[in-house]
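Open the model in a viewer and keep the selection tool at hand. The stops below follow one after another, each with something to select and a short note on what is there.

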Amino acid sequence: MLTTRYVTGAPNWIDLGTPDIEGASSFYGGLFGWQFRSGGPEAGGYGFFQLAGKTAAGGMQTAPEQGPPSWTVYFQSPDADATAKAAEQAHGSVRMQPMDVMDQGRMAILADQAGVSFGIWQPGRTKGLDVVQEPGSLCWVELYTADEAAAAAFYRAALGLETFAVTFPGGTYTTVNPAGEGEDAMFGGIVPLADDPAEDEAYWLPYFEVSDTDAVVAKAQELGGTVRMPATDLEGVGRMAKLTDPYGARFAVIKSAPPPA
């Protein structure tokens, strides 16, 4: 599971690129109770979505040439430059070269072998998000891709991630965890793109924990969001839904099932 005990390869940050940061702040504030706090002039418009004073995500206003509105998942690296090189050697690419973010850390934006963007965060003063797993915060990530085996090989080579298959009625689900951390540290999954018929390109999908999936879906629609998949129960997992915000950024929400006794 995701924790704030960040280790190499684990998701440790997430941020939103949007054409309207004020509108997005209003949407996610109404949905999750977030408040947006600007990072100040030196941050170039970047800021932080906070939940009860704890950072749950980052975000900034972006121009059309910077790509469509989207959430970017970042993974912890002890050496952003080495990880960027490893990604290239594994047939990925570097979309933003490693750079220092003041004294907070070092980051890069990479793409996997299928062209899916993701981020790398090498911690400095900022280790990662302050809150995960709680209602209104990141709890899971999924990679939708046309070639699960190729994706697993890429992320193993670039980030050291390990995968294992979980069997459920009707099939299997490929989960992902940091190297050497075992199955209890799984933080996400790799899913066939065909399982998301609304999309035709590979992408990372973040999940946010909620207390009431149906209420959040209704609120998202009221605030201008779109339902991509209605609230659905998945036995032993929880009740989930896939949404987009008013600007098209994709995300999912889930009320997780309680762990087995």
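Begin with helix 3, residues 148–159, which lies across strand 9 (138–145), strand 10, strand 11 (171–177), strand 12 (188–192) and strand 13. Helix 3 runs at about 150° to strand 12. Axes here are lines fitted to C-alpha atoms, for helices over the stretch in contact, and angles run from 0 to 180 degrees between N-to-C directions. Helices (H or I, at least four residues) and strands (E, at least two) are DSSP runs, numbered from the N terminus.

The model is predicted: local features need pLDDT of at least 70 and side-chain atom pairs count only at pLDDT 80 or more, while totals for chains, interfaces and linings use all residues. Residues are numbered from 1 along each chain as its sequence is written, and side-chain values use heavy atoms, with hydrogens and water left out.

Next, select helix 4 (residues 213–222), which packs on the sheet and touches strand 14, strand 15 (238–244) and strand 16; contact means heavy atoms within 4.5 Å. The direction of helix 4 makes about 10° with that of strand 15.

Now show the sheet itself. It is open and has 8 strands in the order 10-11-12-9-13-16-15-14, with mixed pairing; two strands pair if DSSP finds at least two bridges between them. Strand 10 (162–168) and strand 14 (226–234) are the edge strands, each pairing on one side only. From one strand to the next, the twist averages 25°.

Zoom in on strand 13 (residues 203–209) and strand 16 (residues 250–256), which pair in the parallel sense over 3 bridges. Here Glu209 stands opposite Ile254 in strand 16.

Move to helix 2 (residues 80–89) and select Thr83 within it. Is Thr83 buried or exposed? Its relative accessible area is 7%, so Thr83 is buried (buried is under 20%, exposed over 50%, partly exposed in between, with a 1.4 Å probe and protein chains only). Beyond its neighbours within four places in sequence, Thr83 is in contact with Ser77, Leu110, Ile120, Ala158 and Leu159.

The remaining stops are salt bridges (a side-chain nitrogen of Lys or Arg within 4 Å of a carboxyl oxygen of Asp or Glu). The count comes to 12 salt bridges.

Select Asp103 and Arg125, whose side chains meet at 3.4 Å, N to O. Asp103 is in the loop between strand 6 (93–101) and strand 7 (105–111), and Arg125, 22 residues apart from it, is in the loop between strand 8 (117–123) and strand 9. Asp103 is partly exposed at 42%, whereas Arg125 is exposed at 64%.

Select Lys219 and Glu222 in helix 4. Their side chains form a salt bridge at 3.2 Å, N to O. Why are the two about one helical turn apart? They are separated by about one turn because they are 3 residues apart in helix 4. Lys219 is partly exposed at 29%, and Glu222 is exposed at 60%.

Finish with Glu201 and Arg250, a salt bridge at 4.0 Å, N to O. This pair links distant parts of the chain, 49 residues apart: Glu201 is in the loop between strand 12 and strand 13, Arg250 in strand 16. Glu201 is partly exposed at 46%, while Arg250 is buried at 18%. To see the wider setting, add Asp196, Glu199, Arg228 and Lys242, which salt bridges with shared partners join with Glu201 and Arg250 into one network.
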